[in-house]
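Here is a short report on one protein chain. Keep the coordinates open while reading.

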Amino acid sequence: MVAEVEVETPGEGERPPLRSRANAFNLLRLLGALAVIVEHSWVLSGHGSPLSPASGIGLGGIGVGVFFLISGYLISASWLSDPSPRRYAARRGLRIYPAYLVVIVVSALGLGPVATTLATVDYFSRWGTWSYLIRGLAVFPVGYELPGVFDGLPYPRAVNGSLWTIPVEVLCYIGVALLGRWGLLRRRTVLIALLVATLTVTTAVHLTGYTGRLVPFLLSAYAAGPIAFFTIGMLARETRWRPPLWVTAAASAAWAVSWGTPLANLVSIGAISCLTFTVAFRAPALLHRPTGSYDLSYGTYLLAFPVQQLLVRSGMHAPATVMLATTAIVLPLAALSWRLIERPALRLRGHSREQGWERPDHPPTAS
């Protein structure tokens, strides 16, 4: 990576390229991962969501929304900066898969035998053990249960519930590649139409409480919200959207007023989007790299859920205690993941001009 990273190259007559280091995306991704930890600390210990359902979206949903907003912004810029399907697929795969692969394998072959209520021989003789491993490695569909693991907990049998977003993220990557190949990533009318469609679906899902499959065996209704956030991110990239402070304040006020109404979910998406991009482009440079040359957000997100289940299994049931203990355990593990898995994988790609979850390899070029 070089010192000044351009995330896209404009054509003749277009505005100057966006600079990947002139934002607080790294800070926001880490805060999003921590928001998921807070939500899960309450839910997994049997205390429900810490944020009222009247708000239209949980604290963990806010964190996931932030992830997908930033991802939509940067991944679409990634394609535009280098519209090669092969290199694009390599960049995306090397960023998202290595750490995910390690988590899946360690969960099935390391965590499972320790946390299961079954005898070790019985555990490894069950098809569920190998099904979890195979489904996880294939990404579609991710498995969530291992035989006898976390039975009897307030949130039973879920090994790593956070993994549900990974297939959705991959689908979004595929969507960007298709839109790029068809020449539609710069068509604002297309992006607006796609945004209207995704907001319509997520609003319908929220109002009806539908939890089935929108596409059989592939895409659950829970994916509608993240895809809407991702689409907003793509549109924000194309329009160079920088919400004025008064717009962000008005959106936040509208969200507060909408609590408990059928529109709460839809308004929350708008408010979270405004707040995310306001912080991203207005935060002082001091906050752009909260963890220096380390990007802890992805590792934190991948590792927190099983750590929380282990803590609850050990008898820790106070949500605040679970939250603090999880954070203290996971952040060092995420640092190891970045240093030993994620950063070496990124270096295999050679020169790249964009980040999804990622940061450039050299500390001065925060993205």
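## A buried arginine and its network

Start with R237. At 0% relative accessibility, R237 counts as buried. The model is a predicted one. In it, the side chains of R237 and E238 meet in a salt bridge, with 2.5 Å from N to O. E238 is also buried, at 7% relative accessibility.

E238 has another partner. Its side chain forms a salt bridge with R188, at 3.7 Å from N to O. This pair ties together distant parts of the chain: R188 sits in helix α7 (residues 188-208), E238 in helix α8, and the two positions lie 50 residues apart in numbering. R188 counts as partly exposed, because its relative accessibility is 36% and the partly exposed class runs between 20% and 50%. R186, R188, R237 and E238 are linked in a network of salt bridges. Across the whole structure, a search finds nine salt bridges.

## A salt bridge between D82 and R87

Which side of the D82 and R87 pair is buried? D82 is, at 13% relative accessibility. R87 is partly exposed, with a relative accessible area of 38%. Their side chains meet in a salt bridge of 2.8 Å, N to O.

## The loop between α8 and α9

Helix α8 covers 224-239 and α9 covers 245-258; W241 lies in the loop between them. R240 has its place in that loop too. The backbone at R240 stands out: phi is near 55°, a positive value in a residue other than glycine. Most residues other than glycine have a negative phi. R240 counts as buried, because its relative accessibility is 14% and the limit for buried is under 20%.

W241 is partly exposed, with a relative accessible area of 27%. What does W241 touch beyond its neighbours within four places in sequence? The contacts are A236, S273, C274, F277 and F281. C274 is 33 residues away along the chain, yet the C-alpha atoms of W241 and C274 are separated by 9.5 Å.

## T116 and its polar contacts

T116 is in the loop between α3 (85-115) and α4 (120-125). It counts as buried, at 8% relative accessibility. Its side chain makes polar contacts with backbone atoms. One is with the backbone nitrogen of L118, at 3.1 Å. Another is with the backbone oxygen of P147, which lies 2.7 Å from a polar atom of the T116 side chain.

Which residues does T116 touch, leaving out those up to four places away in sequence? They are Y123, P147, G148 and V149. P147 therefore appears twice for this buried threonine: as a contact and as the residue whose backbone oxygen lies 2.7 Å from the side chain.

## Backbone features between α5 and α6

The loop between α5 and α6 (165-181) holds P141. A cis peptide bond joins F140 and P141, with omega about -15°. Most peptide bonds are trans.

R157 is found in the loop between α5 and α6 as well. Its phi is near 70°, a positive value in a residue other than glycine. R157 is partly exposed, with a relative accessible area of 37%.

## A nonpolar surface patch

L109, W127, W130 and I134 make a nonpolar surface patch of about 440 Å². Where does the largest share of the patch come from? Three of its residues come from helix α5 (residues 127-138). W130 is in that helix. W130 is partly exposed, with a relative accessible area of 33%, so it passes the cut-off of over 30% for patch residues.

Helix geometry helps in reading the patch. An α-helix has 3.6 residues a turn, so residues three or four places apart point the same way.

## Helix α2

Helix α2 spans residues 59-81, 23 residues in total. From first C-alpha to last, it reaches 33 Å. That is close to the 33 Å expected at 1.5 Å a residue. How much of α2 is covered? Mostly covered is the answer: 21 of its 23 residues are buried.

Conventions
Residues numbered from 1 in each chain as written. Predicted model: local features only at pLDDT ≥ 70, side-chain atom pairs only at ≥ 80, totals over all residues. Heavy atoms only, no water. Patch = residues over 30% accessible without salt bridge, like charges linked within 9 Å, V, L, I, M, F, W, Y side chains within 5 Å. Areas by Shrake-Rupley, 256 points an atom, 1.4 Å probe, with all protein chains shown as cover. Salt bridge = Lys/Arg side-chain N within 4 Å of Asp/Glu carboxyl O. Helix = DSSP H or I, 4+ residues; strand = E, 2+ residues; numbered from the N terminus. Buried < 20%, exposed > 50% of the residue type's maximum accessible area, 1.4 Å probe, protein only. Expected span 1.5 Å × (residues − 1). Contact = heavy atoms within 4.5 Å. Polar contact = N/O pair within 3.5 Å; in protein donor to acceptor, adjacent residues only side chain to side chain.
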